[in-house]
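Trainee: Could you take me slowly through the salt bridges, and then through a few residues that help to place them in context?

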Amino acid sequence: MRVSKFKGKDKAGNWHFGDVLHHDHGVVVIIDDAGKQHKIIPETRSEFTGAYDYDNHEIFEGDIIQHAKYPAGFLIVFFDDNVCTFAVKEPDRKSTRLNF
């Protein structure tokens, strides 16, 4: 089963994880596992990809990762609307994809 999880950063610089709720006027809230709501900066909202790194950390949209196929550089995780999946791209390119 696919896990629906989000993260976002508040104005104090703290990351919060959980469900996302979009209110009127662009207000975005993360609701954590305890049910507490955290107002976040909308541009920092990102979705869990369902993938984990070698240290078993969750990989989210917008994360910067290294991959064995690109040992000298870093890749940015993004959601590719054209194929409806998470993918990665090199920072200086628009569409290089390596699907999870």
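Mentor: Burial is judged by relative accessible area, with buried meaning under 20%, exposed over 50%, and partly exposed in between (1.4 Å probe, protein chains only). The model is predicted, so local features need pLDDT of at least 70 and side-chain atom pairs count only at pLDDT 80 or more, whereas totals for chains, interfaces and linings use all residues. Residues are numbered from 1 along each chain as its sequence is written, and side-chain values use heavy atoms, with hydrogens and water left out.

A search of the whole structure yields two salt bridges, the term standing for a side-chain nitrogen of Lys or Arg within 4 Å of a carboxyl oxygen of Asp or Glu. In one of them, Asp63 and Lys7 meet through their side chains, with 2.9 Å from N to O. That pair joins distant parts of the chain, 56 residues apart, with Asp63 in the loop between β6 and β7 (64–67) and Lys7 in strand β1; strands here are DSSP runs (E, at least two residues), numbered from the N terminus. Asp63 counts as buried because its relative accessibility is 17%, and Lys7 is likewise buried, at 12%.

Lys5 pairs with Glu58 in a salt bridge whose closest N and O atoms are 3.1 Å apart. This pair, too, links distant parts of the chain, since Lys5 belongs to the segment before β1 (6–9) and Glu58 to strand β6 (residues 58–60), 53 residues away. Lys5 is partly exposed, with a relative accessible area of 23%, and Glu58 is also partly exposed, at 27%.

Strand β6 brings us to Thr49, which counts Ile59 and Phe60 among its contacts, along with Glu61, Val77 and Phe86, once neighbours within four places in sequence are left aside; contact means heavy atoms within 4.5 Å. Thr49 itself sits in strand β5 (residues 46–52), where its relative accessibility of 13% makes it buried. Its side chain also reaches the backbone nitrogen of Ala51, at 3.1 Å.

For a setting with a higher accessibility value, consider Phe74, in strand β8 (residues 70–80), which is partly exposed at 48%. Leaving out residues up to four places away in sequence, Phe74 touches Ile64, Ile65 and Gln66 as well as Lys89, Glu90 and Pro91. The C-alpha atoms of Phe74 and Val88 are separated by 9.5 Å, the two residues lying 14 apart along the chain.

How values were computed:
Helices (H or I, at least four residues) and strands (E, at least two) are DSSP runs, numbered from the N terminus. A polar contact is a pair of N or O atoms within 3.5 Å; within protein, one must be able to donate a hydrogen and the other to accept it, and residues adjacent in sequence count only if both atoms are side-chain atoms.
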